[in-house]
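Let's take a walk through this model together, one region at a time. Keep the sequence and the 3D view side by side as you read.

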Amino acid sequence: MMSKLALSLVVTTIALCFASTSWAARTVDNHLSAADLQRFQAVFSSAFSSNDLQSIYYATLNIEPTKSEEKKELCQKLSKFHQESKLNEFEKDFYLVGISKNLKCTEKLPEQQLSKIYAAFKSPAASAQEIFYRVATHKYLGVEIDEATKTKIVKNLQDILKKDDTLTNLGYAFNVASELGPAASFIADRIEDAIVQADEVDGKLLQFEGGLTITSLIINGAFRTTKTFGSALPIDGVQAVKFANYFLSRRSVQTAKGAHVLIEALKTLSSASSKIAPICIQLIGNGQVVSESPLLTVAVVDLLGKPLTPTPQSIVGKIVVKKDNTVLAEKVSFTSKSSDKTTYVADLASYKPSRALYVVEITADGTYTQKMNFKVLGKVKVQQLEVGVGELDASSAIKKQPVAYPQKLKGQLSADSTQKVLLKTVLVDESQATKPISVHQAFVRFYNEEEDKEIIYIAEQDSSKAYKFDMDIGARAGDFSHVSGVYHMYLIVGDASISNSFQWLVADIELKFPTAPKAEEKKEVVRSPLPEIEHQFRTPDKRPSRIVSDIFTGLCLTPLVLLLIFWWKLGINIDNFSFHPSNIGFHLGFGGILVLFVVFWLNMDMFQTLRYLIPIAIFTFLCGNRLLRRIYAQRIAKNPASSSTSSMSS
């Protein structure tokens with residue numbers, strides 16, 4: 001057993017070492033936000049209106065009722081809630097006493113209830129959970145447990161863990177050990193056994209089977225036990241980050257108990273030794289920086305969103321271009337911006353970052369490291385734009401008119417179905433006005449204000465990186481539904497990496513389209529029901545004439561007619577017919593089969609016929625078998641000599 005455990009520990013250690021190479025060093029990318037804490041407050045507040053002792057207890061650990069009347073009414077109902085609760089007795093007692101003490105209720109607890117609580121340790125507990133709640137209840141009541149009783153409890157706990165060392169029992173044992181004194185120090189030796197059972201998810205999370213409650217129970221208890229007995233830290237830095245990631249992934253919890261144990265677990269990890277406690281380094285905002293004022297702002301906080309203690313002395317960052325990994329800046333200093341030392345800013349203006357996607361690797365005090373992506377937004381500028389109208393078959397160059405952004409062409413253009421419209425523009429980055437750039441979206445939009453209709457085309461980029469648009473008026477008439485008139489001509493430019501996307505009214509143009517051909521006229525929408533679709537079967541083959549059918553029927557009946565004639569001439573010998581059941585049954589079955597064939601020919605299909613034929617055939621077979629055996633027996637009885645002769649010869 002020990003060799004298997006050792007092997008498991010070695011494998012886990014190796015896996016964690018490899019995993020740490022791809023992880024940010026001792027940092028997470030999120031924390032409990034103010035919105036999360038506010039939502040938890042709402043969960044705790046709603047718990048006061050329930051009749052669940054557990055929810056009310058965890059709510060009282062975090063907030064108090066806002067109204068004194070609500071507090072008084074709650075205290076008066078505690079005994080009723082206790083009686084109605086379906087929890088274990090020891091758990092109900094704990095919540096009852098805990099709520100009463102947290103709310104400072106003036107109502108005294110029933111003496112009978114207190115007597116039962118005081119006598120709880122006279123008999124051994126069935127689980128570590130019961131021991132924990134009994135000890136915690138005595139602590140709420142201010143009752144000191146004597147050393148003899150503690151020794152007895154420790155012995156009881158040892159026996160329980162020998163029989164059933166599940167994660168639940170271990171978790172409650174870790175949490176109660178600090179209240180039982182040095183005799184319970186053996187529990188610290190079981191922490192490693194519990195931690196090794198954690199399940200890893202996607203290489204990023206660590207959790208225990210049982211979810212948030214069990215994971216929080218073990219982590220809180222393990223740290224409390226090691227602190228009490230001076231043992232080694234229960235987890236390392238990599239494990240602390242993965243447990244923190246798991247707890248932060250459960251921020252959507254909706255129960256008072258879940259919210260409380262989540263907060264307590266994050267407090268435990270945040271207040272752990274500086275050797276393992278993870279922190280959060282994250283970008284503030286949407287991760288976008290404008291090129292004219294490139295300020296990169298980050299938050300450096302603990303898991304609860306609070307300032308770090310002690311405050312980081314040095315926060316620097318390395319910035320590289322994500323596309324080709326070229327280094328923009330090696331050591332960018334981040335300075336504190338807020339009085340609480342949670343927000344830090346780096347001014348990148350001296351590095352003149354261009355429009356691109358970057359990766360920043362931030363290091364705090366040389367211990368904590370986090371990589372994040374951010375984007376520097378540039379400003380697009382229209383270097384030049386030309387628009388013109390020309391003939392389709394013109395051999396000479398089309399005359400284009402320049403338009404300066406953001407002005408509109410003074411005159412109105414006009415084009416008919418024998419002409420085409422051309423637009424050419426060059427877009428540049430404002431910081432590098434000589435270098436054309438590409439954008440995600442470059443469109444030309446035509447809008448008819450009178451008809452309130454629009455059509456949008458894509459402007460394509462040529463080899464010189466200039467955007468061009470060329471439209472044959474006649475060929476594109478269908479796109480405009482052949483509606484002639486004055487259209488506003490817009491240039492639309494947009495990109496995720498520019499901060500000044502725009503729609504520019506370049507010119508007004510009168511488009512004259514030919515009359516729409518009749519084939520292209522819009523068909524009237526039919527609103528009435530369509531004609532009913534009727535299925536037509538194939539015309540059956542032509543039948544033979546009546547004479548041919550009668551002759552064929554007569555030929556089929558010929559054997560039966562001949563049989564009746566021979567019977568009439570020769571006579572029917574029924575002397576040997578007996579009325580034995582097998583004889584009658586065989587002839588009835590055989591006749592039934594013949595009748596069934598006739599009915600099949602006239603009315604039934606094959607499957608119906610088989611359904612009736614099978615039982616009749618079985619009945620006929622059995623009767624026929626009995627009939628043949630009886631005939632054979634009668635023949636042997638009449639001629640015994642032939643029977644003996646045949647026996648000798650055989």
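**Starting from the core**

In the largest nonpolar core, which has 90 residues, the members that touch the most others are Leu157, Phe208, Phe243, Phe247 and Leu269. Helix H13 (residues 256-270) is the main contributor to this core, giving eight residues. Bear in mind as you look around that this is a predicted model.

Phenylalanine 243 is a good place to zoom in. Leaving aside residues up to four places away in sequence, Phenylalanine 243 touches Ala198, Leu206, Gln207, Phe208, Thr215, Ile219, Ile235 and Leu269. Apart from the largest core there is another one, made of 38 residues, including Ala442, Val444, Tyr467 and Trp504.

Next, have a look at helix H11. This helix covers residues 212-229, and at 1.5 Å a residue its 18 residues should span 26 Å; the end C-alpha atoms are indeed 26 Å apart, so the expectation and the model agree. Is H11 mostly covered or mostly open? It is mostly covered, with 13 of its 18 residues buried. Just after H11 comes glycine 230, which has a positive phi, near 65°.

Now move towards the N-terminal part of the numbering and turn to the cysteines. How many disulfides does the structure hold? There is one, and it joins cysteine 75 to cysteine 105, with an S to S distance of 1.9 Å. As a reminder, a disulfide is a covalent bond between the sulfur atoms of two cysteines. The link between cysteine 75 and cysteine 105 is left-handed, with -70° about the S-S bond. Cysteine 75 sits in helix H4 (residues 68-84), while cysteine 105 sits in the loop between helix H5 (89-102) and helix H6 (111-118), so the pair ties together parts that are 30 residues apart in sequence. Both cysteine 75 and cysteine 105 are buried.

Two further cysteines are worth a glance. Cysteine 623 has a relative accessible area of 11%, so it is buried. Cysteine 556, at 49% relative accessibility, counts as partly exposed, because the exposed class begins over 50%.

Finally, bring in the record. An unreviewed UniProt entry lists residues 551-572, 584-604 and 610-628 under "transmembrane region". What does the model show for two of these spans? Residues 584-604 are 90% helix and 0% strand, and their end C-alpha atoms lie 27 Å apart. Residues 610-628 are 100% helix and 0% strand, with 26 Å between the end C-alpha atoms.

Technical notes:
Residues are numbered from 1 along each chain as its sequence is written. This is a predicted model: local features need pLDDT of at least 70, side-chain atom pairs count only at pLDDT 80 or more; totals for chains, interfaces and linings use all residues. Side-chain values use heavy atoms; hydrogens and water are left out. UniProt positions are given in the numbering used here, feature names are shortened, and annotations may be inferred rather than shown by experiment. Helices (H or I, at least four residues) and strands (E, at least two) are DSSP runs, numbered from the N terminus. A disulfide is a pair of cysteine sulfur atoms within 2.5 Å. Buried means under 20% relative accessible area, exposed over 50%, partly exposed in between (1.4 Å probe, protein chains only). The expected span of a helix is 1.5 Å times one less than its number of residues. A nonpolar core is a set of buried Ala, Val, Leu, Ile, Met, Phe, Trp, Tyr and Cys residues joined through side-chain atoms within 4.5 Å. Contact means heavy atoms within 4.5 Å.
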